[in-house]
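Hi,

Here is the structure I promised to send over. Have a look at it first, and then read on for what turned up.

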Amino acid sequence: MKSLEDISREFLKNHKVYRWHLKKVSEIPDKDIVRVCHWYVEDNHLHDEWNDFRDKEEQQ
């Protein structure tokens, strides 16, 4: 099962988000990446898409 951090990074990658406030997504620490993904989802109103993506990834 994938961790929430991995799922968050994958979601951002799928949306072509490679940087967040001048930091590379790949270099954002695990403790912060979930929060960054949350902010991205909130800012772009992607709640349903995030929930579907997360459910799908957690089932694999």
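**Salt bridges, and one buried acid**

Glu57 is buried, with a relative accessible area of just 6%. One thing to keep in mind as you read: this is a predicted model.

So what does Glu57 pair with? Its salt-bridge partner is Lys2, and the closest N and O atoms are 2.6 Å apart. Glu57 sits in helix H3 while Lys2 is in the segment before H1, so this pair ties together parts that are 55 residues apart in sequence. Unlike the buried Glu57, Lys2 is partly exposed, at 36% relative accessible area.

The whole structure has four salt bridges, and here are some others among them. Within helix H2, Arg35 pairs with Asp32, with 3.5 Å between the closest N and O atoms. These two residues are three apart in the helix, which is about one turn. Asp32 counts as buried, at 19% relative accessibility; the cut-off for buried is under 20%. Arg35 counts as partly exposed, at 42%.

Helix H3 has an internal pair as well: the side chains of Arg54 and Glu58 meet in a salt bridge, 3.0 Å from N to O. They are four residues apart in H3, so about one helical turn separates them. Is Arg54 buried or partly exposed? Arg54 is partly exposed, with a relative accessible area of 29%, and Glu58 is also listed as partly exposed, at 29%.

**The acidic patch**

Which residues form the negative surface patch? They are Asp48, Glu49, Asp52 and Asp55. To place one of them, Glu49 belongs to helix H3, which covers residues 47–59. Glu49 is partly exposed, with 40% relative accessible area.

**Around H1**

Just ahead of helix H1 (4–14) you will find Ser3. Ser3 is partly exposed, at 28% relative accessibility. Its C-alpha is 9.9 Å from that of Asp30, although their positions lie 27 residues apart in sequence terms.

Now for the helix itself: Ile7, Ser8, Arg9, Phe11 and Leu12 of H1 are buried. What covers them? The cover includes helix H2 (30–44) and also H3.

**Two backbone oddities**

After H1 comes Lys16, with a positive phi near 60°, even though Lys16 is not a glycine. Lys16 is in the loop between H1 and strand S1 (19–20). With 62% relative accessibility, Lys16 counts as exposed.

His21 is another non-glycine residue with a positive phi, this time about 50°. Look for His21 in the loop between S1 and strand S2 (23–24). His21 also counts as exposed, at 67% relative accessibility.

If you want a place to start on screen, try the Glu57 and Lys2 pair, which joins helix H3 to the segment before H1. From there, follow H3 to Arg54 and Glu58, four residues apart in that helix, and then turn to the negative patch of Asp48, Glu49, Asp52 and Asp55.

Cheers

Conventions:
Residues numbered from 1 in each chain as written. Predicted model: local features only at pLDDT ≥ 70, side-chain atom pairs only at ≥ 80, totals over all residues. Heavy atoms only, no water. Patch = residues over 30% accessible without salt bridge, like charges linked within 9 Å, V, L, I, M, F, W, Y side chains within 5 Å. Areas by Shrake-Rupley, 256 points an atom, 1.4 Å probe, with all protein chains shown as cover. Lys, Arg positive; Asp, Glu negative; His and termini not counted. Charge placed at Lys NZ, Arg CZ, Asp CG, Glu CD. Buried < 20%, exposed > 50% of the residue type's maximum accessible area, 1.4 Å probe, protein only. Contact = heavy atoms within 4.5 Å.
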